[in-house]
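Student: I have not looked at this structure before. Could we go through it in questions and answers?

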Amino acid sequence: MLTLHTSAHYAAHLIQAGLIVESTRKSGGVVLRIDHPQFAEYVDALRTAIDTHEADALCKALLN
């Protein structure tokens, strides 16, 4: 498991099956599978996020 992002609100981890995004404040999260059409774009966006706010926004978009 490779951690792409952690903050006071969200965590994003890359695993063999895909991308796990979870809220650190509430229970629950989502798994974006490797075969999802936008998988590569989300991983790239999290890796190249300018700051924590941008990465948090991406995580929030996936959770909603």
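Student: How much area does the protein chain expose, and what share of it do carbon and sulfur atoms supply?
Tutor: The model is a predicted one, and its areas are computed from the atoms. The protein chain exposes about 4,200 Å². The part of this area that carbon and sulfur atoms supply is 52%.

Student: What share of the residues counts as buried?
Tutor: A residue counts as buried when its relative accessible area is under 20%. The protein chain has 64 residues. Of these, the share that counts as buried is 33%.

Student: In what order do the helices and strands come along the chain?
Tutor: The secondary structure comes to two helices and four strands. Read from the N terminus on, the elements run β-β-β-β-α-α.

Student: What is the radius of gyration of the protein chain, and how does it stand against the globule rule?
Tutor: For 64 residues the globule rule gives 11 Å. The value for the protein chain is close to that, so the chain is as compact as a globular protein of that length. Along the principal axes, the C-alpha atoms fill a box of roughly 30 × 25 × 20 Å. The radius of gyration itself is 11 Å.

Student: Which residue in β2 stands opposite H5?
Tutor: Strand β1 covers residues 2-6 and strand β2 covers residues 10-15. The two run antiparallel and are joined by four bridges, with a hairpin of three residues leading from β1 to β2. One pair across them is T3 and H13. For H5, the residue opposite is A12.

Student: Which residue in β3 stands opposite A12?
Tutor: β2 also pairs with β3, in the antiparallel sense, over six bridges. The hairpin between β2 and β3 goes through two residues. Opposite A12 in β3 stands V21.

Student: How many residues of β2 are buried, and why is β2 called largely enclosed?
Tutor: β2 has six residues, and the count of buried ones decides the matter. β2 is largely enclosed by the rest of the structure because the number of its residues that are buried is five.

Student: Which residue in the turn between β3 and β4 has a positive phi?
Tutor: β3, residues 18-23, and β4, residues 29-33, run antiparallel and are joined by five bridges. Among the paired residues are G18 and its partner R33 in β4. The hairpin has five residues between the two strands. The turn residue with a positive phi, of about 115°, is G28.

Student: Is L46 buried or exposed?
Tutor: L46 lies in helix α1, residues 39-47. Its relative accessibility is 4%, and the cut-off for buried is under 20%. L46 therefore counts as buried.

Student: Which residues does L46 contact, leaving aside neighbours within four places in sequence?
Tutor: One of the partners is C59, which is 13 residues from L46 along the chain, with 8.5 Å between their C-alpha atoms. The full set of contacts is L4, H5, A12, L19, A55, L58 and C59.

Student: Which residues does L62 touch, not counting those up to four places away in sequence?
Tutor: L62 is in helix α2, residues 52-63, and is buried with a relative accessible area of 16%. The C-alpha atoms of L62 and I20 are separated by 9.8 Å, while the two residues are 42 apart along the chain. The residues that L62 touches are L19, V21, V30, L32 and Y42.

Student: Is I50 buried or exposed?
Tutor: I50 sits in the loop between α1 and α2. From C-alpha to C-alpha, I50 and L2 are 19 Å apart, and in sequence they are 48 residues apart. The relative accessibility of I50 is 75%, and the cut-off for exposed is over 50%. I50 therefore counts as exposed.

Student: How far apart are the mean positions of the positive and negative charges?
Tutor: The protein chain has 5 positive and 7 negative charges. The distance between their mean positions is 9 Å.

Conventions:
Residues are numbered from 1 along each chain as its sequence is written. This is a predicted model: local features need pLDDT of at least 70, side-chain atom pairs count only at pLDDT 80 or more; totals for chains, interfaces and linings use all residues. Side-chain values use heavy atoms; hydrogens and water are left out. Two strands pair if DSSP finds at least two bridges between them. Buried means under 20% relative accessible area, exposed over 50%, partly exposed in between (1.4 Å probe, protein chains only). Contact means heavy atoms within 4.5 Å. The radius of gyration is taken over C-alpha atoms; the globule rule is 2.2 Å times the number of residues to the power 0.38. Accessible areas come from the Shrake-Rupley method with a 1.4 Å probe; for residues, only the protein chains shown count as cover. Lys and Arg count as positive and Asp and Glu as negative; His and the chain ends are not counted. The place of a charge is taken as NZ of Lys, CZ of Arg, CG of Asp or CD of Glu.
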